[in-house]
Amino acid sequence: MAIKPKAGGFVLRVDPILCDGFGHCHELAPELVQIDEWGYPIIKGTPTPLSDADALESARFAVRGCPRQALRIERTPTSN
Amino acid sequence: MNATLPRVLHGATGRPLSLAEHQATFAAPVRTSGLFEELEASGLTGRGGGAFPTSRKVSLLRNQRGHGKVVVVNAMEGEPEAHKDRTLLSTNPHLVLDGAEYLAAMIGAKTVAVCVPRDNQTVVHYLKRAIYERTLRTHKGPTFELHAAPWRYVAGEESALVHWLNDNESLPQYRASRTHVLRVGRGPALVDNAETCAHVALIGRFGAAWFREMGTATSPGSALVSLTGAVDRPKVLEVSLGTTLAAILDAGNADRRPQALLTGGYGGTWLAGNHLDVPYANETLGPVGAMVGTGVLVVLPRSGCGLLETKRVVDWMANESARQCGPCAFGLPALAEDLTHLLHARRDGPRVLARLIERCGVIEGRGACRHPDGVVRMVRSALSVFATDIERHAQGSMCEGAKADEHWVTVPSIVHEDELVWQ
């Protein structure tokens, strides 16, 4: 098991070219991903603290659940 | 050479200068060392639209390791209203190539790829001849390659251009970080606009102090302006940055009391006609909501309808989307549809206007390139500059300009989706 860092935050990033608007990310991480009228994700732009374990877990689900593998988690030095 | 205009268009004879004429017009290149320091001191910013400091870009590439570095001269000019790069290449092609040669020397590149749109065969021909003349020199510079890429609005975006050089597809690429280095093959690529290269050539000859004799402290030098719309004829002017808009309109023999100006091109902004006393430079245009951008100024007279022009531009821009990213592929046609609805003063105007504003916020910043952002910026500026007119349209009455269906912005005909050529 990786040691969970407490400092810093993360954001989800989508590669808009790969994304085909399946919408799985919105189902898996509704607190981080909204969906627009055409079905493409609107991702929360401000970092979420890494200490928020629930959000981080759903972000990981979203990354793994993306059929196009268009999502990734990016670490940020600050949490908000 | 003294500090008078024109600079990059100096020696214009109506035909491209040959290498011998070029060397006679501009004193032969003297500086061999300290080029980069001069470029840094000159404060030259990119003239392709982004106005990014050229020396910062060069220093990023200088610090890159690796063989096969490439200088890419971007003369794609996807902006339909811009003519500056083709004018420059039809006047002083060797000045652009000199600049590219200096840039190649600065970063240690052995190849220069010159990219021009393939539908402009005249410019392609001029460049072919200029490059041939260079191969006959005794002094051997970098190898010049000429590439004629398909003409699409987004084809001139640097990642699309590099993608075209690599894979023969003019599609923008997603870059996860801002400082991502583009590569042609395995070699890091420095992509610079043709006009920027010409300025580099002059800085290499006459130095940074000479360059700064013109322009403002933050936007030094001169720039090419493509002036169209309510003008006697479309023209390219070379102006010192910091000249007032009124002086540019005077020099170009344009309508002196315009309703508005489209600044910076199709991805630029509208500027109300009462701001003509503003100096033409990013730091002074910015606060009033305008920009230098690609150097385009379209003059909209009082008889025109800003909403109609905006709708026409957005229609075309939506069709020019590479259709890679959902928010751009679906969002831009949605904006165009809302604008058409408002233009024809159909029912439900206020609701459509509110939806348009909301959609602008949804689309912004969600494409791989800045194409959708440019359109959103343009639409937003139209909503503020033409606010009263748009409000009237929304309430159900078309203005006279819209009824007359007068067109001032030159918008190319819309190519059917299936016939768009990307390769």
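Visitor: What makes up the contacts in chain B between residues at least 6 apart in sequence?

Guide: Of those contacts, 74% join residues at least 24 apart. A contact here needs C-beta atoms within 7 Å of each other. Keep in mind that this is a predicted model.

Visitor: Why is chain B called as compact as a globular protein of that length?

Guide: Start with what it's built from: 16 helices and 10 strands. The radius of gyration of chain B is 21 Å, and the globule rule gives 22 Å for 423 residues; those values are close, so chain B earns the description. The box around its C-alpha atoms, taken along the principal axes, is roughly 70 × 45 × 35 Å.

Visitor: What share of the residues of chain B count as buried?

Guide: The share is 53% of the 423 residues. To get that label, a residue must have 20 or more other C-beta atoms within 10 Å of its own.

Visitor: What makes β7 and β9 of chain B edge strands?

Guide: Picture the open sheet first: five strands in the order β7-β6-β10-β8-β9 of chain B, with mixed pairing. Strands β7 (235–240) and β9 each pair on one side only, and that's what puts them at the edges. From one strand to the next, the twist averages 30 degrees.

Visitor: How do you know that β8 and β9 of chain B pair?

Guide: Count the bridges. Pairing takes at least two of them, and four join β8 (residues 260–263) to β9 (residues 269–272) in chain B. The two strands run antiparallel. Across the pair, Leu261(B) stands opposite Leu271(B), and Leu262(B) faces Trp270(B).

Visitor: What stands out about Gly264(B) in that hairpin?

Guide: Gly264(B) takes a positive phi, near 85 degrees. The hairpin of β8(B) and β9(B) has five residues between its strands.

Visitor: Which domains is chain B divided into, and how do you know that they touch?

Guide: The assignment gives domain 1 (19–211) and domain 2 (306–407) of chain B. Nine residues from domain 1 and seven from domain 2 take part in the contact, and the C-alpha centres of the two domains lie 35 Å apart. On the domain 1 side, five of the touching residues are nonpolar, two polar and two charged.

Visitor: And how do you know that chain B touches chain A?

Guide: The contact takes 11 residues from chain B and 10 from chain A. Helix α12 (residues 326–343) of chain B gives the most to the chain B side, with three residues. By class, that side has seven nonpolar, three polar and one charged residues.

Conventions:
Residues are numbered from 1 along each chain as its sequence is written. Chains are lettered from A and ligands numbered from 1 in the order in which they are written. This is a predicted model: local features need pLDDT of at least 70, side-chain atom pairs count only at pLDDT 80 or more; totals for chains, interfaces and linings use all residues. Two residues are in contact if their C-beta atoms, placed from the backbone, lie within 7 Å. Ala, Val, Leu, Ile, Met, Phe, Trp, Tyr, Cys and Pro count as nonpolar, Asp, Glu, Lys and Arg as charged, and the others, Gly among them, as polar. Domain bounds come from an automatic or database domain assignment. Axes are lines fitted to C-alpha atoms, for helices over the stretch in contact, and angles run from 0 to 180 degrees between N-to-C directions. The radius of gyration is taken over C-alpha atoms; the globule rule is 2.2 Å times the number of residues to the power 0.38. A residue is buried if 20 or more other C-beta atoms lie within 10 Å of its own, exposed if 12 or fewer, and partly exposed in between; C-beta atoms are placed from the backbone.
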